[in-house]
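I opened this entry to keep track of what I looked up, going from a single strand outwards to the whole chain and then to a few individual residues.

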Amino acid sequence: MKKVEISNLTENFFETIGKEWMLVTAGTPGRFNTMTASWGGIGWLWNKPVAFVFIRPERYTFGFAEQEEFMTLAFLGKEKEMRNIYNLCGSKSGRDTDKVKESGLKVLETDGGQVTFGQARLTLVCRKLYADDLKENAFTDKSVAGQWYGEKGGYHKMYVMEITEALIP
Ligand SMILES: Cc1cc2nc3c(=O)[nH]c(=O)nc-3n(C[C@H](O)[C@H](O)[C@H](O)COP(=O)(O)O)c2cc1C
């Protein structure tokens with residue numbers, strides 16, 4: 001994998017995250033979990049390039065996200081084969097499924113010991129800076145909380161992370 005300058009990325013992350021989706025992965029090659037995510041963002045905070053993701057506590061990935069200092073965001077592309085991987089990693093849980101085996105993901109280790117995948121066209125290696133649970137009373141538009149939370153599951157936890165590396169194949 002080659003490192004690219006983070007500040008030179010010209011991705012349209014509205015498209016990349018919202019339409020292409022991403023795999024959020026935490027852990028080491030020996031023990032990790034990955035899941036599909038389509039909510040999150042890329043930006044600039046505390047004078048650092050940052051990524052933020054939202055993970056519900058019921059996800060198996062959540063425990064890994066809590067324990068680990070780093071996570072990776074892997075962008076696989078829009079091809080059908082990649083869509084199949086995203087659909088599998090976004091519908092099955094690592095608690096009872098070997099997602100790597102079932103999806104054909106090829107595990108790669110970054111220089112820092114994090115996990116990404118051979119299929120990724122771009123990987124952002126991220127280090128956690130701030131994490132907090134979303135709370136009902138913090139929604140200034142209560143209809144958003146009503147639409148997304150309640151019977152549909154627990155409030156997401158938000159992780160704000162420094163992007164420490166951008167990697168391409
Ligand atoms: C397109 C798509 C986007 C998703 N985005 C998120 C997300 O942003 N946050 C989240 O907690 N779950 C999201 N999910 C759900 C998880 O990917 C799904 O529950 C997954 O099976 C969790 O796997 P795990 O239990 O192995 O962590 C998304 C699923 C799909 C299909």
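**Entry 1: strand β6.** I began with the side-chain directions in β6, where Phe70, Thr72 and Ala74 point one way and Met71, Leu73 and Phe75 point the other way, and I noted that all of them are buried. I should record here that I am working from a predicted model, not an experimental one. The two-way pattern is what I would look for, because in a regular strand the side chains alternate between the two faces of the sheet. Counting over the whole element, I found that 6 of the 6 residues of β6 are buried, so that the strand is mostly covered by the cut-off of 20 or more other C-beta atoms within 10 Å.

**Entry 2: the partners of β6.** I then asked which strands lie beside it. β6 and β9 run antiparallel and are joined by 6 bridges, and within this pairing I located Leu73 opposite Leu124 of β9. β6 also pairs with β2, again in the antiparallel sense, over 3 bridges, and there I noted Thr72 as the bridge partner of Thr25.

**Entry 3: strand β2.** From β6 I moved to β2, which is mostly covered, with 6 of its 7 residues buried. I found β2 paired with β3 in the antiparallel sense over 7 bridges, with a hairpin of 2 residues joining the two strands. In β3, the residue that stands opposite Ala26 is Asn33. I looked up one residue, Val24, for its contacts beyond the neighbours within four places in sequence, and listed Thr34, Met35, Ala37, Val53, Ile55, Thr61, Met71 and Leu73.

**Entry 4: the nonpolar core.** Which residues have the most contacts inside the largest nonpolar core? That core has 33 residues, and the ones I wrote down are Met22, Val24, Leu73, Ala74 and Cys126. At least two core residues come from each of β2 (22-28), β3 (31-37), β5 (48-55), α2 (60-67), β6 (70-75), α3 (80-89), β9 (122-133) and β10 (157-168). β6, where I started, gives the most to this core, with 5 residues. For context I added that in soluble globular proteins nonpolar side chains tend to be buried together.

**Entry 5: the ligand shell.** I next looked at what surrounds the ligand and found 20 residues, of which the closest are Tyr60, Thr61, Gly90, Ser93 and Gly94. The elements that give two or more residues to this shell are β3, β5 and α2, and the largest share, 4 residues, comes from β3. By residue type I recorded 7 nonpolar, 9 polar and 4 charged residues in the shell. Thr61 appears in my notes twice, as one of the closest residues to the ligand and as one of the contacts of Val24.

**Entry 6: the chain as a whole.** I then stepped back and noted 5 helices and 10 strands in the protein. The radius of gyration is 15 Å, close to the 15 Å that the globule rule gives for 169 residues, so I can call the protein as compact as a globular protein of that length. Along its principal axes, the C-alpha trace spans about 45 × 40 × 30 Å. Buried residues make up 29% of the 169 residues. Among contacts with a separation of 6 or more, 71% are between residues 24 or more positions apart.

**Entry 7: the loop between β4 and β5.** Two residues in this loop caught my attention for their backbone angles. Trp46, in the loop between β4 (40-45) and β5, has a positive phi of about 55° although it is not a glycine. Asn47, in the loop between β4 and β5 as well, has a phi near 60°, also a positive value in a residue other than glycine. Is Trp46 buried or exposed? With 9 C-beta neighbours inside 10 Å, Trp46 counts as exposed, and Asn47, with 6 other C-beta atoms within 10 Å, is exposed too.

**Entry 8: Lys157.** My last look-up was Lys157, which lies in strand β10. Lys157 has 18 C-beta neighbours inside 10 Å and therefore counts as partly exposed. Leaving out residues up to four places away in sequence, I found that Lys157 touches Ile55, Pro57, Ala131, Asp132 and Asp133. For Asp132, 25 residues apart from Lys157 along the chain, I noted a C-alpha separation of 5.5 Å.

How values were computed. Residues are numbered from 1 along each chain as its sequence is written. This is a predicted model: local features need pLDDT of at least 70, side-chain atom pairs count only at pLDDT 80 or more; totals for chains, interfaces and linings use all residues. A nonpolar core is a set of buried Ala, Val, Leu, Ile, Met, Phe, Trp, Tyr and Cys residues joined through C-beta atoms within 7 Å. A residue is buried if 20 or more other C-beta atoms lie within 10 Å of its own, exposed if 12 or fewer, and partly exposed in between; C-beta atoms are placed from the backbone. Two residues are in contact if their C-beta atoms, placed from the backbone, lie within 7 Å. A residue is near a molecule or strand if its C-beta atom, placed from the backbone, lies within 6 Å of it. Ala, Val, Leu, Ile, Met, Phe, Trp, Tyr, Cys and Pro count as nonpolar, Asp, Glu, Lys and Arg as charged, and the others, Gly among them, as polar. The radius of gyration is taken over C-alpha atoms; the globule rule is 2.2 Å times the number of residues to the power 0.38. Two strands pair if DSSP finds at least two bridges between them.
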